[in-house]
Amino acid sequence: MTSSEGYSLDKLNKPVNWDNLAVMDKKHVPLLKASSNVKSGEPFEVHLKVGGIDGVEHPNVLSHYIGWVELYAGERPICRIEFAPVVSDGYNMKISVILEESTILRARAFCNLHGLWEGKGERVTVA
Ligand SMILES: [Fe+2]
């Protein structure tokens, strides 16, 4: 089921055109920042932020909030962080990660009203 606002509760929501994002994309897509080159076995920081593209922030109220964010190395889960609304700033995270192989980091975020969202992957080369 796809709503008139262009999101689906049944499927993964991913922006189709990054040059022309819908407001729902700007609000929900998790953004990743990490070094593109890291050393095998050494921790590095991954910064995650949900939404906020062009200043379009996601609400953080009891009736509408981001419930969790997951980080993956390719298809391999790294972590899942759950948030309570209002009291947690679930939209800015720093996670320490250790990789031994090059991969594409991916993040997914779940909104209690608008379902599951994924942004661009970030390639990390491990040397
Ligand atoms: Fe939402």
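Student: Which residues coordinate the iron ion, and at what distances?

Tutor: In this predicted model, the iron ion is held by five donor atoms: NE2 of His-28, NE2 of His-58, NE2 of His-64, SG of Cys-111 and ND1 of His-114, at 2.1 to 2.3 Å. As general background, ideal angles at a metal are 109.5 degrees for four tetrahedral donors, and 90 or 180 degrees for six octahedral ones.

Student: How are the donor residues of the iron ion spaced in sequence?

Tutor: The spacing reads H-x29-H-x5-H-x46-C-x2-H. His-58 belongs to the loop between β3 and β4, while Cys-111 belongs to strand β7, so this pair ties together parts of the chain that lie 53 residues apart in sequence.

Student: Are His-58 and Cys-111 buried or exposed?

Tutor: A residue counts as buried when its relative accessible area is under 20%. His-58 is buried, because its relative accessibility is 5%. Cys-111 is buried as well, with a relative accessibility of 0%.

Student: With which residues is Cys-111 in contact, leaving aside its neighbours within four places in sequence?

Tutor: With that restriction, the contacts of Cys-111 are His-28, His-58, His-64, Tyr-65 and Ile-66. For a separation rather than a contact, one may take Ser-88: it stands 23 residues from Cys-111 along the chain, and their C-alpha atoms are 14 Å apart.

Student: I should like to turn to the interior. Which residues have the most contacts inside the largest nonpolar core?

Tutor: A nonpolar core is a set of buried residues of certain kinds joined through side-chain atoms. Here the largest one contains 23 residues, and those with the most contacts inside it are Phe-44, Val-46, Leu-48, Val-69, Leu-105 and Val-124. Two or more residues come from each of the strands β3 (44–50), β4 (66–73), β6 (92–97), β7 (103–111) and β9 (122–126).

Student: What surrounds Leu-48, leaving aside its neighbours within four places in sequence?

Tutor: Leu-48 is in contact with Leu-31, Leu-32, Val-69, Leu-71, Tyr-91, Asn-92, Met-93, Ile-95 and Ala-107, once those neighbours are set aside.

Student: How does one find empty space, and what volume does the largest pocket have?

Tutor: Rolling a probe the size of a water molecule over the atoms shows where empty space is left. In this structure, the largest pocket has a volume of about 220 Å³. Its lining consists of Ala-73, Arg-76, Pro-77, Ile-78, Ile-98, Leu-99, Glu-100, Glu-101, Ser-102 and Thr-103.

Student: What is the character of that lining, and which element gives the largest share?

Tutor: Five of the lining residues are nonpolar, two are polar and three are charged. Strand β5 (residues 76–82) supplies the largest share, three residues.

Student: Which residues other than glycine may I inspect for a positive phi?

Tutor: One of them is Asp-54, with phi near 55°. Asp-54 sits in the loop between β3 and β4, and it is exposed, with a relative accessible area of 62%. Another is Val-86, whose phi is about 70°. Val-86 is in the loop between β5 and β6 and counts as exposed at 52% relative accessibility.

Student: Finally, where is Glu-5 placed?

Tutor: Glu-5 is in the segment before α1 (23–28). With a relative accessible area of 49%, Glu-5 is partly exposed. Glu-5 and Asn-37 are 32 residues apart in sequence, and their C-alpha atoms are 38 Å apart in space.

Note on methods. Residues numbered from 1 in each chain as written. Predicted model: local features only at pLDDT ≥ 70, side-chain atom pairs only at ≥ 80, totals over all residues. Heavy atoms only, no water. Core = buried A, V, L, I, M, F, W, Y, C linked by side-chain atoms within 4.5 Å. Buried < 20%, exposed > 50% of the residue type's maximum accessible area, 1.4 Å probe, protein only. Helix = DSSP H or I, 4+ residues; strand = E, 2+ residues; numbered from the N terminus. Contact = heavy atoms within 4.5 Å. 1 Å grid on protein atoms, 1.4 Å probe; cavity = no way out; pocket = protein on both sides within 12 Å on 5 of 7 lines; lining within 4 Å. Points joined across faces, edges and corners; volume = space filled by probe spheres on them. Nonpolar A, V, L, I, M, F, W, Y, C, P; charged D, E, K, R; others polar. Donors = N, O, S within 2.8 Å, 3.2 Å for Na, K, Ca; no water.
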